[in-house]
Amino acid sequence: MSTSPTAPVAFLKGHGTENDFVIVPDPDNAIDLPARAAAALCDRRAGIGGDGLLHVVRSAAHPEARAMAGEAEWFMDYRNADGSIAEMCGNGVRVFARYLQRAGHVTAGDLAVATRGGVKRVHLAKSADHAVTGSEDGDITVRMGRAVLPDDGVTVAVGGREWPARNVNMGNPHAVAFVDDLAHAGDLFSGPPVSPASVYPDGVNVEFVVDRGPRHVAMRVHERGSGETRSCGTGACAVAVAAARRDGTDPAVTGAPVTYTVDLPGGRLVITEHPDGEIDMTGPAVIVAEGYLDPAWFETAFATRPEARSNG
Ligand SMILES: N[C@@H](CCC[C@H](N)C(=O)O)C(=O)O
């Protein structure tokens, strides 16, 4: 049973390759966080500010996660900055795991996190082990599951240019377009039109990708519900999968795992796809602050916010 809080609500702020999140620990699912409260927390001017919200709840205490409680003690109840729900957030899972480690709920090693996209296996490296990303706290690897690639023939358009895009589902929907120059994506103040729109009835995350070298790409992303962000973990996986099909390195065909380095405005993620289709994402995760929400502010934001505002 969730209620509006009367005591101060604790929060933390964290990021994974600068995809930033407000974290609200709430093991018993006692805090009601409707879309307007999530959007208020993520508001960069009138709230804490973030690309999304990580509501940290015990799986057994959340109706959407109860069935996963036997496999994963903790549920990542994720919201986009506009308050909308998404199935998965790759950077979010790493930051979620870092929070659990900092709070003493888990130690370095392996753990499972329940998400709306199913249970994700996470490996928290020891702090000395940061060979991939240089993270001082140690890299975190998430087994992201398998990509689904419907053959839909979608296109993405910006500023009079149009590109064919690959439809990749990583639990959440992506359209991946290979471009000559990341500047061609424009200002990304709004979501680039993707056609036919009917392919993505619930909206889509759009990635623009350029080559940097063999199995090395760079990308920008416009995220559904959050706008342009400095990184997207599921997006980086979608990009690596699309690049492997384009490059003839699809592990299901070659029988060998393939690793892509994906550079984002906020940092670097390393993505390995295995012959069975399973995808591993490795990157950093950092907690930057913690504190308490002002109860009066939270009550006001909770009660009066009429609709989601822009996250810009
Ligand atoms: N930034 C995330 C993706 C968050 C969800 C996305 N905006 C959606 O609506 O699908 C990531 O790191 O994967």
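Author: Helices are DSSP runs of H or I with at least four residues, strands are DSSP runs of E with at least two, and both are numbered from the N terminus. N172 falls in the loop between β9 (161–169) and β10 (173–178). This is a predicted model: local features need pLDDT of at least 70, side-chain atom pairs count only at pLDDT 80 or more, and totals for chains, interfaces and linings use all residues. Residues are numbered from 1 along each chain as its sequence is written.

Reader: How many helices and strands does the chain have?

Author: Five helices and 18 strands.

Reader: What makes the chain as compact as a globular protein of its length?

Author: Its radius of gyration, taken over C-alpha atoms, is set against the globule rule, 2.2 Å times the number of residues to the power 0.38. The chain comes out at 19 Å, and the rule gives 20 Å for 312 residues. The two values are close, so the chain is as compact as a globular protein of that length. Its C-alpha trace spans about 55 × 45 × 35 Å along the principal axes.

Reader: Why is C89 called buried?

Author: A residue is buried if 20 or more other C-beta atoms, placed from the backbone, lie within 10 Å of its own; 12 or fewer makes it exposed, and anything in between partly exposed. C89 has 31 C-beta neighbours inside 10 Å, so it counts as buried. Across the chain, buried residues make up 49% of the 312.

Reader: Where is C89, and what does it contact?

Author: C89 is in the loop between β4 (74–80) and α2. Contact means that two C-beta atoms, placed from the backbone, lie within 7 Å. Neighbours within four places in sequence aside, C89 is in contact with G52, Y78, G233 and T234.

Reader: Which residues does UniProt list as "active site"?

Author: The unreviewed entry lists C89 and C232. They are spread over 144 residues of sequence, yet they cluster in space, with a largest C-alpha distance of 7.6 Å. UniProt positions follow the numbering used here, feature names are shortened, and annotations may be inferred rather than shown by experiment.

Reader: What makes C232 buried?

Author: C232 has 36 C-beta neighbours inside 10 Å, therefore it counts as buried. It is found in the loop between β14 (227–229) and α3. Outside four places in sequence, C232 is in contact with N19, N91, N205, V221 and E223.

Reader: How do you know that the ligand shell lies between the two domains?

Author: Domain 1 (10–139 + 286–304) and domain 2 (154–280) both give residues to the shell around the ligand, so it lies between them. The bounds come from an automatic or database domain assignment. The C-alpha centres of domain 1 and domain 2 are 24 Å apart. Contacts link 19 residues of domain 1 with 19 residues of domain 2. The side of domain 1 that touches domain 2 has five nonpolar, 10 polar and four charged residues.

Reader: Which residues come nearest to the ligand?

Author: A86, N91, N172, G233 and T234, out of 19 around the ligand. Being near takes a C-beta atom, placed from the backbone, within 6 Å of the molecule or strand. Helices α2 (90–102) and α3 (233–247) each supply at least two residues of the shell.

Reader: What is the shell made of, by class?

Author: The shell has three nonpolar, 14 polar and two charged residues. Ala, Val, Leu, Ile, Met, Phe, Trp, Tyr, Cys and Pro count as nonpolar; Asp, Glu, Lys and Arg as charged; the others, Gly among them, as polar.

Reader: What does the record say about binding, and which partners does N91 contact?

Author: The unreviewed UniProt entry places "binding site" at ten positions, written as N19, N80, G90, N91, N172, N205, E223, R224, G233 and T234. N91 is in helix α2. Beyond four places in sequence, N91 is in contact with G16, T17, N19, S231, C232 and G233.

Reader: Why are N91 and N172 called buried?

Author: N91 is buried because 35 other C-beta atoms lie within 10 Å. N172 has 25 C-beta neighbours inside 10 Å, so N172 counts as buried. Setting aside neighbours within four places in sequence, N172 is in contact with A86, E87, M88, N205 and T234.

Reader: What makes α1 largely enclosed?

Author: Six of its eight residues are buried, so α1 is largely enclosed by the rest of the structure. Those buried in α1 are A37, A38, A39, A40, L41 and C42.
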